[in-house]
Each structure stands twice: as C-alpha cells, then as structure tokens.
Amino acid sequence: MTEPGYDAVYRKSIDQREEFWAQAAEDIHWNRKWEKTLDDTAAPFYRWFAGGVLNTCHNMLDLHVEQGRGDQAALIYDSPVTDVVRRYTYRELRDQVALFAGALKQQGVSKGDRVIVYMPMVPEAVIAMLACARLGAIHSVVFGGFAAKELATRINDAQPKLIVSASCGIEGKRIIEYKPLLDQAIALARSKPQHCIVLQRRQARASMVEGRDLDWNECLSAAQPADCVPVAATDPLYILYTSGTTGVPKGVVRDNGGHAVAIKWSMGAVYDVQPGDVYWAASDIGWVVGHSYIVYGPLLQGCTTVLYEGKPVGTPDPGAFWRVIADHKVNALFTAPTAFRAIKREDPTGEYMKKYDRSSLRTLFLAGERCDPDTLHWAQERLGVPVIDHWWQTETGWSIAANCLGIEALPVRAGSPTKAAPGYDVRILDEAGQPLPDGKIGSIVVKLPLPPACLPTLWNNDDGFLDSYLREFPGYYATADAGYRDEDGYLYIMARTDDIINVAGHRLSTGGMEEVLASHADVAECAVVGVADQLKGELPVGFVVLKAGVDRPHDEIIRELIQAVRQKIGPVAAFKQAVVVERLPKTRSGKTLRGTMKKIADGTEYKPPATIDDPAILDEIAEALNHMRSTATAGRS
Ligand code: COA
Ligand code: AMP
C-alpha cells in the first residue's frame, strides 16, 4: 500500500483534526492518557490533550535508555572556539540531567517554578533546560546577545526562583563575560531570584555574590539524582520571550503535551529524520529554532543532536560547517539563510566544501528569514542536496509552511517555503478580513484552532495574547506576515505587517530601538527602519530629529545613540547606522511614513503617498542617507 501524499495528509489534518493529532500522540509516552484531544470549552483559548499527564524529559531521555538507545550519542558538543568536542550518550545525558535536576530541587525549585537560563552554547545549557522539564519547572532561556536591561525585563515578567548562567560566552575570538551582565540585570530587576547557579568556564572566572550565587560543580557534587515529575499536558514547559511591537517582549508559552506530540511528529514528517540520525540545527538555544530543533525535536525522536559553539565563518574559516558535517556524519542541517550568505561571501566558489566528506548530508533546511533565490540556488548547486525553505515563528514552535519531506517531497519553488504544513489552515485576508484571490498579497492568517505546540497564550497575559494575535481577524491567528498564495497552493512570505525586522535571522523590534533613541536627551523624534543588507538580510537604520537648540556635533550624538542601543538592547540589534534629519516624512494625520523611508533606503521604486504632508522631505531623507553612506565608505577606505 502506498503512503498517503501531501494532499491527503493535509486534508485529514484539517477535516479530522482531532483524529489526526490523537494518532500522532500515540508516539509519545503518557503517564495518563488524555481525555479530550482538543478542549475548546474556553475558545479562543484552546488546549490540546487535556487531561493527559506526561513528562517531556522522560520522553527525551529515560524512554530512549529504556528502549535500548542508552549507548547512542544523544548530544555532540562541538566548540571550535574552545577546541573541545564532547559526546554524551543518552545514558550519560539522562544521568547529568537527573543530577542537575536534583541540584535544582535542593535549591527549592519545583513544578511550576520559573528558572531563567542565560547561557552560551554549552551542554550545561541543555542540561539545565531538561532538568527543568524533568521537575516540571518552567525554563525561560534568554539569548546571550541581549543586554542587561533586556534580561531584567524578562526577569521581571517571569519572576524566576533561580537563574542558571555561566561566567562567559565566546564570540569568535572574543570572550563575553556574562556574569557582570547578569549582576547588572538582577540589580535592575524588581523581582530578585533566590539563587544563581553559575558555570565557571576556564576562559573567564565570574565573581560570586556571597549567599546568592552557587557554583555549578559544587551544586552537582552535593546533589542526588531527581526523578521525572509527571505534569499535565497543558502545563507550561517553557516561556520564550520574543520581540513584540514595543520594547516589551512577549512571553510565548509552550505546553508539555501538544509540544511533545507536534515537535516529535515534525521530525519525521517535515525533516524526514529517523531515530539514530544525526541532526544539526546551527542556531542558538536562545531562539525558538534552538529550542525546537537543537534540544527538543532531535532528542524526542531518538536522534543525535549537534550543539555547535561557533560561527559559519571565522571559526576558523568558511569550511566550519563542512568540517562539522564530516566529523559527526550529519544527516540533516538546519540554519538561517544568512549563515549561507556569510559562507558564500567568503568562499564564493565553494573551495572549502571540497575539502570535506559531506556524503552523510541528505538535506539542508533554511528558516528564520526570507530565503532569497540566489542563496537557495547557490546552496543547491554547491551542496547537491535538496534545500528546503520553511516558514515559522517563535509563536508556532514549528513550521507553518514547509515542504514536508517525510510525507511527500514536492517540487521546490524558489522564494516559497512551499505549502501549509498539516494542521495549519492558512488563509490570505485583506484589511477588512475578506479572503483574497490567489496571487494577491494580504495578511497571512491561520484559522483557529492552531495545531499542537503553537502558543496557547502569553505568560500571565491572556489579554495580550488576544490583542496581539486574535483580535484583528476574529476566528484567526494573525501571523503579522504579509504574503500570497499561488494557484498551486504555494505560499510566499513577503514582509512583516508590524515593526519587526529580521537581522541575521534574529527577530528584533524597531519600536524597541525607537524607544531607546527617543530617550536620548537631544532627540525630539525618531524612526528606525530595516534596510536591505546583502549579508544579514536587513539592518536597522535610525533617523533622528534633534531638539531645537541642540548644537553638539551630530557625529557625537550618533555615537551615543549607537552605544545606547547596544547597552539597552544588546549587540544582537546590530544597530550601527543613524542619521540626523531635519524632519520625518509624515501623513497629514501625523503617521510617520516608515515604509516609504525603507523604500528610499533600499533604492526601490516608490510613489509618495497621496496623504503625505510635504513630499520635499523625501528628498531630504534620500540626501541624508547618501551622506551617511558616503561618509561610512570614506571611513572604511
Ligand atoms: N552572546 C553575546 N554576543 C553575541 C551573541 C551571544 N550569544 N550572539 C551574537 N552576539 C553579538 C555578536 O558578537 C555581534 O557583536 P558585534 O557587534 O560586537 O560584532 C552582534 O551580537 C551581532 O551578532 P550577529 O548578528 O550574529 O553578527 P555576526 O557578525 O557576529 O555574525 C553571522 C553574522 C551571519 C555569521 C551570524 O549572524 C550567524 O551565524 N547567523 C546564523 C543564523 C542564526 O544563528 N540564526 C538564528 C535563528 S535560526
Ligand atoms: P522568529 O519568531 O524569530 O522565528 O521570527 C519569525 C519571523 O521570521 C516570521 O514571522 C517571518 O517574518 C520571518 N521568517 C521566518 N522564517 C521565514 C521564511 N522561511 N521565509 C520568510 N520569512 C520567514
């Protein structure tokens, strides 16, 4: 009997939604089976597998050991920046996680408590995440490239009982000390953790706060292994903060049951990887890709996951990815297009690829930002394996649109992440909420209910959840992406409809950056727009209008603004360009024309909107940008 193809699987996932996911849920070990596959009694707050009881960590580690995978590598830590490669079998990882869970328990962490993990890409970060899952505690990983203030905001919202951190991260050749940032964040935060457990790395020694800070190794040596604590399917597994339309991040909640079911199912259906395969997501555990596909997905599926502490280039060269693939026999690689643009820039003819045996690699998956056809074609030609773009968000936890290789490999169309993934009823609507015909760009929405693993709500903020995602188009989840569907059902994701930009696959809020610029004493008003960049996809550019009477040198003010964004948001914002302008272009009703400014900066064609207050301002903006670019070029030469 032939397996059903994409169309049949997709239709079943929409028409017999509960049956479809109940079948997928059979692949998970439950302590108690769920009573209701989809609980819609509090719609639009839906709950998957209500009444079910499980432990996610058990499904990722203990179960595989029990089923005979104890000696298989669960995690390979490959760190070119420290010259270390370390392998953990499933048994070793289970034991380490159980012991660290015991250490957390000793500090009073139990089910429902929050634990912030602020760590670089070291195995201890994964161990900390899974130890939380083991206890039913809720982890919230904060990306290392964020500044102390961003960390403080997350501490205030999550109110963690404990924070797990490390003395430093390593960015290429630079040591980034994490501990001073953590201390500063705790000083800034209203909510204080009872303890911090700090991993001392040999590259930097953190100074410890007496009575509050505990050493990772000492905690482990005093601990007893802890067992898995069964939790409700609907209990939160983690909170992951992501950029919203203001400087305040949104705490995306992920539940235990729906998450385990859909993420495990996606490993086979979307990525076509099986237990025993080696899966490498070259991302960071601070992002959703890292959560779903460095940590949870591969381990739920019994794969070997690679945890890579390095960059695509410079650690030590553009052959880094091919070296890792050859050394660990990677079967599937997942990264962001920007990583490939960085490699392509340094090794346009793919010379470094030829040095390594890449025969294990079956597929390359790309996501996190729009995949430009040039990068897609370059990767396809050089690698000689299918290159699969897929589209998703922190909120969904897995792909909304993908070429589901484990179901049926559909022809790849450059510029499209292929078709809606099973479970997602994707529609394209106009501003009035009416469906648009094929080929017409509109808001991309998903008809409720969302499939399992998608956010059930925002942390402690049900109303914010409704406001951000459900109120604009009643009955639908608004993705905040705009795009269209072609006549064959292929989706094209073109732009965000809010102020989010994508810098090197990192999601950032221009609104958050504007808040920082506006708080400078000399700034009257400002706008930040994402401008096209050949390497990072987009880069933020700030336009500032100074207060009357400010006569300090503009260069000096701009330097301060750049520094302020770095200090308040973090280096990851990559905010390095700003110009002083006389005024901002606005509509007659006072709305800043950011879209038009972006078009001017990108050099794409634009028509001044009919509602513009004074079209002459647009020439001033173009001139200021030219000036900024010519001085930047002069500065570099
Ligand atoms: N801790 C501290 N600082 C960090 C950090 C971390 N975990 N991650 C990044 N930073 C810093 C960088 O050092 C850099 O600082 P700088 O301004 O002093 O140079 C800044 O944040 C910007 O980082 P990034 O955007 O990553 O730029 P980069 O020039 O260091 O590297 C790429 C560019 C393309 C090589 C890199 O972005 C990359 O590998 N991207 C892969 C895609 C990816 O991981 N996407 C995530 C979602 S899938
Ligand atoms: P994040 O929440 O950080 O994963 O960012 C999600 C956003 O990144 C999406 O809303 C899109 O704007 C963008 N994005 C992610 N993947 C893709 C893709 N494959 N194509 C186009 N845009 C993408």
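The following exercises, each with a worked solution, concern a predicted model.

Local features need pLDDT of at least 70 and side-chain atom pairs count only at pLDDT 80 or more, while totals for chains, interfaces and linings use all residues. Residues are numbered from 1 along each chain as its sequence is written, chains are lettered from A and ligands numbered from 1 in the order in which they are written, and side-chain values use heavy atoms, with hydrogens and water left out.

**Exercise 1. The open sheet**

Task: State the strand order of the 7-stranded open sheet, name its edges, and find which helix packs on it.

Solution.
- Step 1. Helices (H or I, at least four residues) and strands (E, at least two) are DSSP runs, numbered from the N terminus. Two strands pair if DSSP finds at least two bridges between them.
- Step 2. The order is S5-S4-S17-S16-S18-S19-S20, with mixed pairing. Strand S5 (84-89) and strand S20 (387-389) are the edges, since each pairs on one side only.
- Step 3. On average, neighbouring strands of this sheet are turned by 20° against each other, direction ignored. Axes are lines fitted to C-alpha atoms, for helices over the stretch in contact, and angles run from 0 to 180 degrees between N-to-C directions.
- Step 4. At the S5 edge, strand S4 (residues 73-79) and S5 pair in the antiparallel sense over 6 bridges. In this pair, serine 79 stands opposite valine 84 in S5.
- Step 5. Helix H5 (residues 123-135) packs on the sheet and touches S4, S5 and strand S17 (304-308). Contact means heavy atoms within 4.5 Å. The direction of H5 makes about 30° with that of S5.

**Exercise 2. Strand S8 and its partners**

Task: Determine how many residues of strand S8 (residues 162-166) are buried, and in which sense S8 pairs with S6 and S11.

Solution.
- Step 1. Buried means under 20% relative accessible area, exposed over 50%, and partly exposed in between (1.4 Å probe, protein chains only). By this criterion 5 of the 5 residues of S8 are buried.
- Step 2. Leu162, Val164 and Ala166 point one way from S8, and Ile163 and Ser165 point the other way.
- Step 3. Strand S6 (residues 114-118) pairs with S8 in the parallel sense over 4 bridges, and valine 115 stands opposite leucine 162 in S8.
- Step 4. S8 also pairs in the parallel sense with strand S11 (residues 195-199), over 5 bridges. There, serine 165 stands opposite valine 198 in S11.

**Exercise 3. Tyrosine 241**

Task: Why does tyrosine 241 count as buried, and which polar contacts does its side chain make?

Solution.
- Step 1. Tyrosine 241 lies in strand S14 (residues 236-242). Tyrosine 241 counts as buried because its relative accessible area is 7%.
- Step 2. Not counting residues up to four places away in sequence, tyrosine 241 touches Ser140, Arg154, Asp157, Ala158, Pro249, Lys250, Gly251 and Trp459.
- Step 3. A polar contact is a pair of N or O atoms within 3.5 Å; within protein, one must be able to donate a hydrogen and the other to accept it, and residues adjacent in sequence count only if both atoms are side-chain atoms. The side chains of tyrosine 241 and aspartate 157 are joined by such a contact of 2.7 Å. The tyrosine 241 side chain also reaches the backbone nitrogen of alanine 158 at 3.3 Å.
- Step 4. Glutamine 224 is 17 residues from tyrosine 241 in sequence, and 32 Å away in space, C-alpha to C-alpha.

**Exercise 4. Ligand 2 and arginine 507**

Task: List the residues that come nearest to ligand 2, then describe the setting of arginine 507.

Solution.
- Step 1. A residue is near a molecule or strand if one of its heavy atoms lies within 4 Å of it. Of the 15 residues around ligand 2, His390, Thr394, Asp481, Arg496 and Arg507 come nearest.
- Step 2. Oxygen atoms of ligand 2 lie 3.0 Å from a polar side-chain atom of glutamine 393 and 2.5 Å from one of threonine 394. The protein covers 93% of the 490 Å² of accessible area that ligand 2 has on its own (Shrake-Rupley method with a 1.4 Å probe; for residues, only the protein chains shown count as cover).
- Step 3. Arginine 507 lies in strand S28 (residues 506-509) and counts as buried because its relative accessibility is 11%.
- Step 4. A polar contact of 3.2 Å joins the side chains of arginine 507 and threonine 242. Leaving aside neighbours within four places in sequence, the contacts of arginine 507 include Gln393, Thr394 and Arg496.
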